[in-house]
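I opened this model to look up a few local features. My notes follow in the order I made them.

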Amino acid sequence: MKFEEIEALMRRNENLSEQYILPENFIVVRLDGKGFTKLTKEKLSLEKPFDQKFSQAMIDTTKYLFNIGFKVIYGYTQSDEISLLIHKDDNTFNRKVRKINSVLAGEASAFFSLRFQEICVFDCRTIAIPNLEMLLDYFCWRQEDSHRNSLSAHCYWTLRKNGFTAKQTTERIEKMHQSDKNELLFQYGINYNNLPLWQKRGIGILNLKVEKKGSNPMTKEPVVYFRNEVFVENELATREGYRIFLKEVFNKF
């Protein structure tokens with residue numbers, strides 16, 4: 001079989017498994033750390049249950065992904081997870097799912113690995129979102145997940161620090177309701193409501209056009225111009241307030 005015939009056959013086989021995000025759909029991408037439980041417990045020296053250095057690395061990774069060629073509107077990170085909202089008009093890689101997944105996972109993994117000088121791997125999935133209400137539902141869902149994980153993490157490490165084994169701790173908290181977990185923390189002198197918001201609700205990252213003032217280098221006359229800047233929001237509101245905040249941000253696009 002000639003080279004051209006082999007190439008045509010291989011291209012057809014590749015294209016059979018190709019998936020695309022249809023036009024007029026927003027693209028949401030979620031990246032998760034692969035094997036990060038082992039990484040954070042055995043290889044990295046981190047504070048438990050939340051480490052400021054690790055959180056900042058997640059923020060910086062999210063911000064980095066705003067600048068690799070996609071039109072990213074909004075980012076959200078909690079724990080070892082990043083969600084990105086890509087504009088519905090973005091046509092990078094012709095909206096091929098495998099390309100979006102592989103490039104974003106590769107870029108995130110490389111950037112994060114360099115930060116800690118350890119091999120750190122993210123997986124990636126791409127989701128088509130057709131309307132604003134579903135976008136709001138998605139990010140509120142991830143924030144609720146952040147809250148639940150945060151509460152459980154604080155309970156887990158509070159017990160571990162007070163002499164319980166990993167097995168004892170897991171068995172004690174795995175069937176507890178949220179109210180019981182709050183009470184458990186309170187018994188150890190921790191008021192969950194007073195803990196930092198970024199630990200409970202995650203962190204939002206916005207890409208906004210900002211008005212700037214400057215001068216024409218030739219005429220020295222004052223000019224006004226716009227430039228995109230990335231902002232980090234560490235104090236997100238609870239569900240309803242967060243939904244209103246997101247709606248205001250997304251309506252600008």
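Where is the place of Glu24? I found Glu24 in the loop between helix 1 (3-16) and strand 1 (26-34). The model is predicted, so I treat every value here as computed from a prediction.

**Entry 1: backbone angles**

I checked phi of Glu24. It is near 70°, a positive value in a residue other than glycine. Gln117 also drew my eye. Phi of Gln117 is near 55°, again positive in a residue other than glycine. I placed Gln117 in the loop between helix 4 (97-116) and strand 4 (121-129).

**Entry 2: a cis bond**

Which residues does a cis peptide bond join? I read Lys48 and Pro49, with omega about 0°. Pro49 belongs to the loop between helix 2 and helix 3. I met Pro49 again in the next entry, among the residues that lie nearest the centre of the largest pocket.

**Entry 3: the largest pocket**

I looked up the space in the largest pocket and noted about 770 Å³. Its lining has 30 residues. Nearest the centre I listed Pro49, Phe50, Ser79, Asp80 and Ala153.

Which elements supply at least two residues each to this lining? I wrote down helix 2 (36-43), helix 3 (52-65), strand 2 (72-78), helix 5 (132-161) and helix 8 (197-201). Helix 5 gives the largest share, eight residues.

I then sorted the lining by class. Eleven residues are nonpolar, eleven are polar and eight are charged.

**Entry 4: helix 5 against helix 9**

Helix 5 was worth a second look. I found that it packs with helix 9 (residues 239-250) at an angle of about 135°, and the axes are 10 Å apart. Why do I call helix 5 oblique to helix 9? The angle of about 135° makes it so, because angles over 145 degrees would count as roughly antiparallel and 65 to 115 as roughly perpendicular. I also noted the hand of the crossing, which is right-handed.

Next I listed the residues that meet. From helix 5 I have Leu132, Glu133, Leu135, Leu136, Asp137, Phe139, Cys140 and Gln143. From helix 9 I have Arg239, Tyr242, Arg243, Leu246, Lys247 and Phe250. By class, this contact has eight nonpolar residues, one polar and five charged.

**Entry 5: to keep**

I keep two points on helix 5. Helix 5 supplies eight residues of the lining of the largest pocket, and helix 5 makes a right-handed crossing with helix 9.

Note on methods. Residues numbered from 1 in each chain as written. Predicted model: local features only at pLDDT ≥ 70, side-chain atom pairs only at ≥ 80, totals over all residues. Heavy atoms only, no water. 1 Å grid on protein atoms, 1.4 Å probe; cavity = no way out; pocket = protein on both sides within 12 Å on 5 of 7 lines; lining within 4 Å. Points joined across faces, edges and corners; volume = space filled by probe spheres on them. Helix = DSSP H or I, 4+ residues; strand = E, 2+ residues; numbered from the N terminus. Nonpolar A, V, L, I, M, F, W, Y, C, P; charged D, E, K, R; others polar. Axes fitted to C-alpha atoms, helices over the stretch in contact; angles between N-to-C directions. Parallel < 35°, antiparallel > 145°, perpendicular 65-115°, else oblique. Left-handed = near helix turned anticlockwise from the far one by under 90°. Contact = heavy atoms within 4.5 Å.
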